[in-house]
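Dear colleague,

I am passing on the structure we spoke about, and my notes follow directly beneath it. Please read them with the coordinates open beside you.

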Amino acid sequence: MNFRRITSAVLLVSALFYQTVASGQTPAPAPKAPKPPAAPQVVTIIHRLNGLKMFRLLLRSEQVQSIDALDSAFNLMDDVHTNVIAGLAMDDGETIAAWLPEADVEFGPQIVGFPAPPKSQMFPGSVNGFFDGPDVSVIGADGKQVPAKYIGLDAATGLSILKLENKNTVSASAIKEEPVSSGDSVLLFGPEQVTKTRPVLARMGAIEGRVENVMPAPSGGIARFKVSAAKLSKANIGGVAVNQAGDTIGIIDGLEGNEASILPVALIKRAAQRVLERQASVPRPWLGVKGEAVAALKLDEIQNHGWEMQRAAALAGKHRGILLTSIVPGSPAERAELRAGDVILKVDDKDIQTADEFTWWLEQAGPSSSVEFTVARPDRPVEWALNVKLSGMSDQWSRVNWRSRFPSIKGFWLIDQGIETIALKPLVASQLGTTPGLLVVYVDPVTAAFEAGLEPGDVIQTINGEPVSAFRTSPNSDLYTFEVVRKKQKRVVKIPAKKK
Amino acid sequence: MRKTNCKQIRRELDELMLGETWSAAATEHLSECAECREFHVQQTKLRKIVGSLGTIEAPADFDFRLRARLAKGASSAPAIYWRLVRSGLIAAALAVVVLLGVVAVRDAMRLGENPGEVARKPEVHQPVKADQAPPVIPEQKPSDHVVADVTPATIRKFRPTQQADYKKRPLSSIAISSTGASVLNGTQPAAMSTAFPIDSSAQSFTVSLEDGRGNAKTISVPTVSFGSQRIVQSGNQFAPKRDW
């Protein structure tokens, strides 16, 4: 009898406790949402970075001079980070477009050269087997992982274009330019984390959003549109926007507050076409200027760039043109003799009113193309036409700002030779099984250094016989002799100096 | 007087089996005492829940192992042998009941999170337009949270062959079960709800750096990031503003 009583009491207490917990934690059933459309064209992209690429990423992103310590399990060639992001399977059954946030770490400042480099130089790994190309793979709607090849980066949109090794291994659907209007309901698809257990589990999820603002392109169609949604975060970037009918309408390429900026389908298709035609990365068209739309400037700001009051007022009154505030030395703009203070009024007869319009028309022209600017200058009474040949650049920041971030060896800038390095302290060098020196994290494949055989992973010990810390460049040097350690073996690499 | 009655009646109710009838005194008391009626209702609910959980069968050798263990302990403490047996059985019974209760409550809570998710029917998809290829819909299994038939071995098998022979850090085995994904904004993930494992490093990457001005800092990089959760500060520089 006692046993039954004790058991009953425990049961009662337990049940009451659990009921309390359950009733406190179980949310009220949400009203049943309408079933979202299937979007099998949305896939998951897995992009992995090994230790060497991670070093390069740190070098590009942080003010890094040296590596002082690493966790004990670190190995240069091990994967250290995996990015999971949505991708869009295009209608040919084999092309995938995805906005990979770390794609820029895979390429040199010039996207391995422009025009397209020989295929053997696309990724150094294909030559020396050490520094591999992007490690990407695709997970289809059924959860199966399929191999994909990285074709290239379209720098104007930031989209990476992949190709499945086996056609139709993931679902695809027609990618049409569907109309998009403010107020439309959309779904933003993207992979989301299910569990943080090992291994991490993910699956495709979707959130609801609403189109808030559609920005027309100067040449017709849509340039961008914004979608508002609750709980938007950076994890949603790269997600694919799908309308209520299940048609793809764009890819999220950025966030501004509670709104996602969406790259429309027309631009996605054009980006894929550019990369596929070239079978390589396509840089942004580069002019080499900084500036601001005249319409966004105050009168005194225009005057500060050499404009007389009367002409500055006339410019401001017309609300058109881009005032150039600086010119990058050696850039196409400098070669065309553009100056700070000049105002570009037209690009190929199209009036320019905003910075976005200027960007748009340059991107329409494309890298290595010639454009005609209509220019006004403070000390020149009439406007005139100027032809400028644009160049290409994947990563403008790299060319302009990198120099200061790389170890300077008394005037010898390794970055000028296409070599990116990071210093290894003795403890770290010992851990990596090498000696202190400059660890090469990247060699631009279109440089003499690459041709000479310098490889990522090499540790530079001396240059022209002097330790890297004491090296003084000789004004007359036309050949640099690098003593490097590669896989615990000493080697000598002779690199002709890059001629300016 | 009533308190005494409550105590007696509750004891009587306590000792009743499901479906048994109680005394006339209890009937009379229950008609007057709301607290005891509530007690009775809770008691009945509890018994029904426990009764619906089914029978847990002990392993075939449970009896043998129990006897062996008891025999081993008997030599050292013969005086308290039966007391231990009895209290051990009670404790075991309580543990089983608590465990079953936890399972039952957890299931109930999951059901509350995803109403209608149990015994889910295959997805019904929107009509496909004539000029579109029919979408391939992954087969839906009864559970919404299905671990795909992908193992670390198959993941690696499918990794692009251009990759070097990376030495991977050890990867733990795939979790047998998965918990529910967050359902955002009341929208359930569409047809592609199959969970899949991400083959990633087992250990986060931590590095100590020194900048050009002699400042040291330590950066810890997560093993996995989703979307554009940049793993380091600076953003993607594909399209810097006001730079052409």
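A convenient place to begin is F189(A), which, leaving aside its neighbours within four places in sequence, is in contact with A39(A), V42(A), A86(A), M204(A), A206(A), G239(A), V240(A) and V242(A). Please keep in mind that this is a predicted model.

F189(A) is also one of the residues with the most contacts inside the largest nonpolar core, which has 75 residues, and L88(A), I96(A) and I268(A) are among the others listed with it. Strand β9 of chain A, residues 200-216, supplies the largest share of this core, namely 7 residues. A second core, separate from that one, has 42 residues and includes V64(A), I67(A), I460(A) and V468(A).

I268(A) leads on to helix α4 of chain A, in which V265(A), L267(A), I268(A), A271(A), A272(A), R274(A) and V275(A) are buried. The cover over these buried residues includes β3, β4, β6, β7, β12 and β13 of chain A. The helix runs over residues 265-278 and reaches 20 Å from its first C-alpha to its last, close to the 20 Å expected, and it is followed by Q279(A), whose phi is positive, near 55°.

As to confidence, chain A averages a pLDDT of 81, and 81% of the residues score at least 70. Among the elements of the chain, strand β4 (residues 95-98) has the highest mean pLDDT, 95, whereas helix α3 (residues 125-128) has the lowest, 41. The pLDDT is below 50 over residues 111-130 of chain A, a stretch that nevertheless has 47 contacts in the model beyond near neighbours in sequence, and it is also below 50 over residues 395-402 of chain A, where there are 14 such contacts.

With best wishes

Note on methods: Residues numbered from 1 in each chain as written. Chains lettered and ligands numbered in written order. Predicted model: local features only at pLDDT ≥ 70, side-chain atom pairs only at ≥ 80, totals over all residues. Core = buried A, V, L, I, M, F, W, Y, C linked by C-beta atoms within 7 Å. Buried ≥ 20, exposed ≤ 12 C-beta atoms within 10 Å, placed from the backbone. Helix = DSSP H or I, 4+ residues; strand = E, 2+ residues; numbered from the N terminus. Contact = placed C-beta atoms within 7 Å. pLDDT = per-residue confidence, 0-100. Expected span 1.5 Å × (residues − 1).
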